[in-house]
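Dear colleague,

Please find below the structure for your files. A summary of the findings follows it.

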Amino acid sequence: MMKDRLENLRNQWKQVELEVQDPDLVKNVARYKDVMRQHGYLSKLMDEYDFYLQTEKQLQEAHALMQEESDHELKEMAREEMHALEKQLEQSEADLKMLLIPPDPMEEKNIIMEIRGGTGGDEAALFAADLFKMYTHYAESKNWTYEIMDANETELGGFKEIVFSISGKYVYGSLRYESGVHRVQRVPETEGSGRIHTSAVTVAVLPEAEETEIVIKPEDLRVDVMRAGGPGGQSVNTTDSAVRLTHIPTGMVVICQDEKSQIKNKAKALRVLRSRLYDLEESKKNQERAQNRKSQVGSGDRSERIRTYNFPQNRVTDHRINLTLYKLDAVLQGDLDEIIEPLCIAAREEMLNEANT
């Protein structure tokens, strides 16, 4: 059955190959993106399928040689080669099954990330700032760019809330599983007795929506302008540059005050609102599927505690995949691949299991 499906996909790949060579394709930007995405996926799949077929052929040849060969030494060599090829074929088959899960088009999207201090007051706000630095360091290591959309800073340099965008290649695909409650265990700087406190921060990762994907009607929007607030100093404007957008049908409210320009703040607020509405629509579509899942990987449940950062033990634990690393200092500097890659693999394995049930 797998081979039948792969042969059908080979025919599809050949058609896509022809379409890629069509000079008129670039005139339709949306179609061009879709075709190039398909071409990239199918090319990778066909490369693995060709490797699988080649390995299968080599295994058959080694088996025939072992059956025909009378020389004991050559027979043993053929047997050893067979064992190696059998393992290679088994791994290739497993890789093919994973590749047969079509990539989610949203994985290539940019994101808007929202980090909010939760339980723990000032300590939670300080950890929200630590997470912001962690994600921006990670973005820099991937040559992604980020832009602060809005921030509500505390007197101690933490964030009650910070909203920012990250743009680049495969951003949502990498960071989509960061949504949820992040718990921190450490001794606050203000704690004289050395007692460990536990605080929590909530992270939301929203795929950034294109203007064509979410249309916001002017009559559905209330726009209010005001002076920007903050902990004092330069962050408090003397002009009405802050913008508050209220989406009347859903009651969603977005405030942006990071820019000195009212126009820029409104543009940023619209980006955030559009992404929240897009995320709301996607959440509704996935709600039934998420309820049926036994695993929390990829569920996007923002009330679920997903990770604990323990400073005294230099330990970080992701509870969804039972992963523990004793390198919290490196993780907070943006060294996240050892967490993100296993999460993505676990999510794909979960999808594979669902497809087979």
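**Surface, pocket and salt bridges**

Val26 is exposed, since its relative accessible area of 52% lies over the 50% cut-off for that class. Please keep in mind that the model is a predicted one. Val26 is placed in the loop that runs between α1 (2-20) and α2 (29-68). Together with Tyr32 and Met36, Val26 makes up a nonpolar patch on the surface, and the accessible area of these three residues together is about 250 Å².

I turn next to the largest pocket. The space within the largest pocket comes to about 990 Å³. Its lining consists of 30 residues, and those nearest the centre are Lys44, Pro103, Glu107, Tyr170 and Arg348. Four elements each give two or more residues to this lining: α2, α3 (72-99), α5 (171-175) and α8 (337-355). Of these, α8 provides the largest share, with 7 residues. By character, the lining of the largest pocket comprises 15 nonpolar, 11 charged and 4 polar residues.

The salt bridges form the next topic. The structure contains 31 salt bridges. One of them joins the side chains of Glu19 and Arg31, with an N to O distance of 2.9 Å. This pair links distant parts of the chain, as Glu19 belongs to helix α1 and Arg31 to helix α2, and the two are 12 residues apart. Glu19 counts as partly exposed at 25% relative accessibility, and Arg31 also counts as partly exposed, at 31%.

A further salt bridge is formed by Glu93 and Lys97, whose closest N and O atoms are 3.8 Å apart. Where do these two residues stand in helix α3? Glu93 and Lys97 are 4 residues apart in that helix, and therefore about one helical turn separates them. The relative accessibility of Glu93 is 29%, so Glu93 counts as partly exposed. Lys97 is likewise partly exposed, with a relative accessible area of 37%.

The side chains of Glu114 and Arg276 also meet in a salt bridge, at 2.6 Å from N to O. This pair, too, links distant parts of the chain: Glu114 is in strand β1 (residues 111-117) and Arg276 is in helix α6 (residues 262-292), 162 residues apart. Are Glu114 and Arg276 buried or exposed? Glu114 has a relative accessibility of 4% and therefore counts as buried. Arg276 is buried as well, because its relative accessible area is 16%, which is under the 20% cut-off. Elsewhere, salt bridges with shared partners connect Glu147, Glu208, Asp258, Glu259, Lys268 and Arg271 into one network.

A last point concerns Ile162, which is located in strand β3 (residues 159-167). Ile162 counts as buried because its relative accessibility is 0%. Ile162 and Met113 are 49 residues apart along the chain, and their C-alpha atoms are separated by 8.2 Å.

For reference while you view the model, these are the residues to locate:

- Val26, Tyr32 and Met36, for the nonpolar surface patch
- Lys44, Pro103, Glu107, Tyr170 and Arg348, for the centre of the largest pocket
- Glu19 and Arg31, for the salt bridge between helix α1 and helix α2
- Glu114 and Arg276, for the salt bridge between strand β1 and helix α6

With kind regards

Key: Residues are numbered from 1 along each chain as its sequence is written. This is a predicted model: local features need pLDDT of at least 70, side-chain atom pairs count only at pLDDT 80 or more; totals for chains, interfaces and linings use all residues. Side-chain values use heavy atoms; hydrogens and water are left out. Patches are made of residues with over 30% relative accessible area and no salt bridge: like charges are joined within 9 Å, nonpolar side chains (Val, Leu, Ile, Met, Phe, Trp, Tyr) within 5 Å. Accessible areas come from the Shrake-Rupley method with a 1.4 Å probe; for residues, only the protein chains shown count as cover. A salt bridge is a side-chain nitrogen of Lys or Arg within 4 Å of a carboxyl oxygen of Asp or Glu. Buried means under 20% relative accessible area, exposed over 50%, partly exposed in between (1.4 Å probe, protein chains only). On a 1 Å grid over the protein atoms alone, a cavity is a set of points where a 1.4 Å probe fits but cannot get out, and a pocket is an open set with protein on both sides within 12 Å along at least five of seven lines; lining residues have an atom within 4 Å of a point. Grid points are joined across faces, edges and corners, and a volume is the space filled by probe spheres set on the points. Ala, Val, Leu, Ile, Met, Phe, Trp, Tyr, Cys and Pro count as nonpolar, Asp, Glu, Lys and Arg as charged, and the others, Gly among them, as polar.
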